[in-house]
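Here is a set of short exercises to work through with the structure on your screen. Try each task before reading its solution.

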Amino acid sequence: MRKLIAGNWKMNGLRASSDVITEIVQGLEGTEIEADCLICPPFTLLGAFAEQTAGSGLKIGAQNCHAVASGAHTGDVSAQMLADIGASHVILGHSERRADHGELSSDVAAKASAAVDAGLVPIICVGESLADREAGLTRKVVLGQLDMSLPDALVEKPFVIAYEPIWAIGTGLTADAGQIAEVHHAVREALVKRFGEQGHNVQILYGGSMKPANATEILGVADVDGGLIGGASLKAADFLAIFNSAG
Ligand code: PEP
């Protein structure tokens, strides 16, 4: 399956960060790797980056959206607005949003419906905490989140899953190849059970302290169809090195 290498800039980046985007676009021009490449900056930079990357190999996505298209929701941004400004994807249900904003899987499912209605590709994040893993609950937690975060509206619509063990995000710790393979296999089985043939074609990304030094090994694991990269996506050279491991 074609891989997707996606950068999550979180709450980082100012207008001057367009230099990083320029460097990534230039790096992609010189590569023969056939994979999709995406950067998800904060809302404030979406419009400028979408214009800057138009016609290039780099896509631009968002990190969240509201569940309805418009209305009295002060401070929120709808999926329709993101599509209008040139975003192709939207990250939903990231563990930081589940923790900081109390987002439930049911909220994520509603947002995912809104995203596909607006023509965006949702990247739906799932992952266990360290306590879940230590209690032997990884499979139960991840598959439970998956089941409740995916609306029926995804049938025959493109969507992406990101498996991100919470204990590996921003910590420098990564799940090992065996742990990643086990969860990705379980996610694939669940997708096929629920979505049939479509489930075989859903990209399943791994996220959690991916960096140039571990990208080749992680991207080589069965059913790993790309990466969701936080810290290492802020530096063009590191992000491009990860992208170049996707071939
Ligand atoms: C993320 O925020 O999705 C992530 C995986 O972060 P990091 O790569 O910094 O662990």
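Helices are DSSP runs of type H or I with at least four residues, numbered from the N terminus. With that in hand, glutamine 145 can be placed in helix H7. Please keep in mind throughout that this is a predicted model.

**Exercise 1. Follow helix H7 to its last listed residue**

Task: Find out where serine 149 sits, whether serine 149 is buried or exposed, and what its side chain reaches.

Solution:
- Step 1. Helix H7 covers residues 138–149, and serine 149 belongs to it.
- Step 2. The relative accessible area of serine 149 is 0%. Buried means under 20%, so serine 149 is buried.
- Step 3. Look along the helix to glutamine 145, which lies in H7 as well. The side chain of serine 149 comes to 2.7 Å from the backbone oxygen of glutamine 145.
- Step 4. Now look for a side-chain partner. Arginine 98 makes a polar contact of 3.1 Å with serine 149, side chain to side chain.
- Step 5. Check glutamine 145 in turn: its relative accessible area is 15%, so glutamine 145 is buried. For a sense of distance, its C-alpha atom is 30 Å from that of leucine 45, a residue 100 positions away along the chain.

**Exercise 2. Step out into the loop after H7**

Task: Decide whether aspartate 152 and glutamate 156 are buried or exposed, then say what is notable about phi in glutamate 156.

Solution:
- Step 1. Aspartate 152 is in the loop that runs between H7 and strand S6 (160–163). Glutamate 156 is in the loop between H7 and S6 too.
- Step 2. Exposed means over 50% relative accessible area. Aspartate 152 has 60%, so it is exposed. Glutamate 156 has 71%, so it is exposed as well.
- Step 3. The side chain of aspartate 152 has a partner: a polar contact of 2.9 Å links it to the side chain of arginine 194.
- Step 4. Glutamate 156 has a phi near 65°, a positive value in a residue that is not glycine.
- Step 5. To span some space, go from aspartate 152 to alanine 213: they are 61 residues apart in sequence, and their C-alpha atoms are 38 Å apart.

**Exercise 3. Explore the surroundings of the ligand**

Task: Name the residues that come nearest to the ligand, and work out how much of the ligand the protein covers.

Solution:
- Step 1. There are 14 residues around the ligand, and the nearest are Lys10, Glu164, Gly170, Ser209 and Gly230.
- Step 2. Sort the shell by type: 4 residues are nonpolar, 8 are polar and 2 are charged.
- Step 3. Turn to the oxygen atoms of the ligand. One lies 2.7 Å from a polar side-chain atom of lysine 10. For glutamate 164, a polar side-chain atom is 2.6 Å from a ligand oxygen. Glycine 230 uses its backbone instead, with an N or O atom 2.8 Å from an oxygen of the ligand.
- Step 4. On its own the ligand has 290 Å² of accessible area, and the protein covers 95% of it.
- Step 5. Finally, the ligand takes up the space of the second largest pocket.

**Exercise 4. Examine serine 209 and strand S7**

Task: Describe the backbone and setting of serine 209, then find which backbone atom lies by the side chain of glutamine 203.

Solution:
- Step 1. Serine 209 lies in the loop between strand S7 (203–207) and helix H9 (212–219).
- Step 2. Its phi is positive, about 55°, although serine 209 is not a glycine.
- Step 3. Serine 209 has 17% relative accessibility, so it counts as buried.
- Step 4. Move back to glutamine 203, which is in strand S7. With a relative accessible area of 13%, glutamine 203 is buried.
- Step 5. A polar side-chain atom of glutamine 203 lies 2.8 Å from the backbone oxygen of arginine 2.

**Exercise 5. Compare two loop residues**

Task: Are serine 78 and tryptophan 167 buried or exposed?

Solution:
- Step 1. Serine 78 is in the loop between strand S3 (58–62) and helix H3 (79–85). Tryptophan 167 is in the loop between S6 and helix H8 (177–195).
- Step 2. Serine 78 has 3% relative accessibility, so it counts as buried. Tryptophan 167 has 11%, so it is buried too.
- Step 3. Serine 78 and valine 68 are 10 residues apart along the chain, with 6.4 Å between their C-alpha atoms. Tryptophan 167 and alanine 131 are 36 residues apart in sequence, with 9.0 Å from C-alpha to C-alpha.

Terms used:
Residues numbered from 1 in each chain as written. Predicted model: local features only at pLDDT ≥ 70, side-chain atom pairs only at ≥ 80, totals over all residues. Heavy atoms only, no water. Near = heavy atom within 4 Å. Polar contact = N/O pair within 3.5 Å; in protein donor to acceptor, adjacent residues only side chain to side chain. Areas by Shrake-Rupley, 256 points an atom, 1.4 Å probe, with all protein chains shown as cover. 1 Å grid on protein atoms, 1.4 Å probe; cavity = no way out; pocket = protein on both sides within 12 Å on 5 of 7 lines; lining within 4 Å. Sits in = over half its atoms within 2 Å of the grid points. Nonpolar A, V, L, I, M, F, W, Y, C, P; charged D, E, K, R; others polar. Helix = DSSP H or I, 4+ residues; strand = E, 2+ residues; numbered from the N terminus. Buried < 20%, exposed > 50% of the residue type's maximum accessible area, 1.4 Å probe, protein only.
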